[in-house]
Structure formats: C-alpha cells, structure tokens
Amino acid sequence: MRTSLRGREELAARVQQALALHTKKEAETVMDAVVTALEATLLINLQTDGFTLKLGSFGKFYVRHKPGTCRKIGFSGVTIQTKALRKVKFISLGNLRRQERVD
C-alpha cells in the first residue's frame, strides 16, 4: 500500500511541475478530475462492446463483452452455464510497452 501512495505523490509532483501549479493540492485536484472523467467515460460506454479509449502513446482502455460458457463440475458431473462478463482492459503503448519486456 505504501508503494501506491508514494507513486501517487510522485505523480502529483510531476503534474505540479508540468502545469506550473503552486501547490500539490492543485495537482491532486487535476489528477482526480482526470481520473473521474476517465472513469465516467468508461462507465457510460460499458454497454458498448469494442469501445476503445486511446490516451496518446500511453495506452488504451477497451471494453470487451465475454459470453457465458458451459462448464462441467468435476465431482457431480453437472454442466452449468457461467455468467456473461464485461471486461475493461488496458494495453500499454509507446515507451511503457517497450519497457515491459525484460531480456
């Protein structure tokens, strides 16, 4: 949990520097506004299969609908239908994607 807090603080400092903001609180407000807008956009389009939201060379989010499948329960032998799911996935692009591989 501490790692995520440090990461958030580092991001706030970078946003503050990039936008020449006076306080960290202003930078955190900007970050929260961006995250809220991103979340709202994805929630509005959650019903749309194949919806993509690309963020420059950072990455893209996409919504995928997965139908339910038939699965056989091991001991009883009963076949059941699993529930259909909606998945929101993130694919990194650009420098982030190139740095994912460890050779």
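**View 1. Phe58 and its nonpolar surface patch in the predicted model.** In this predicted model, Phe58 is partly exposed, with a relative accessible area of 44%. Phe58 lies in the loop that runs between strand S1 (52-55) and strand S2 (59-66). Together with Leu55, Phe90 and Leu96, Phe58 forms a nonpolar patch on the surface, and these four residues have about 330 Å² of accessible area together.

**View 2. The salt bridge between Asp32 and Arg8.** Two salt bridges are counted in the model, and one of them joins Asp32 with Arg8, whose closest N and O atoms are 2.6 Å apart. This pair links distant parts of the chain, since Asp32 belongs to helix H2 (residues 24-44) whereas Arg8 belongs to helix H1 (residues 2-18), with their positions 24 residues apart in numbering. Asp32 is partly exposed, at a relative accessible area of 37%, and Arg8, with 37% relative accessibility, likewise counts as partly exposed.

**View 3. The salt bridge between Glu10 and Arg14.** Here Glu10 forms a salt bridge with Arg14, and the closest N and O atoms of the pair are 3.0 Å apart. Glu10 and Arg14 are both in helix H1, and because they are four residues apart there, about one helical turn separates them. Glu10 is partly exposed, with a relative accessible area of 44%, whereas Arg14 counts as exposed, with a relative accessibility of 52%; the term exposed applies to Arg14 because its value is over 50%, the cut-off for that class.

Methods
Residues numbered from 1 in each chain as written. Predicted model: local features only at pLDDT ≥ 70, side-chain atom pairs only at ≥ 80, totals over all residues. Heavy atoms only, no water. Salt bridge = Lys/Arg side-chain N within 4 Å of Asp/Glu carboxyl O. Helix = DSSP H or I, 4+ residues; strand = E, 2+ residues; numbered from the N terminus. Buried < 20%, exposed > 50% of the residue type's maximum accessible area, 1.4 Å probe, protein only. Patch = residues over 30% accessible without salt bridge, like charges linked within 9 Å, V, L, I, M, F, W, Y side chains within 5 Å. Areas by Shrake-Rupley, 256 points an atom, 1.4 Å probe, with all protein chains shown as cover.
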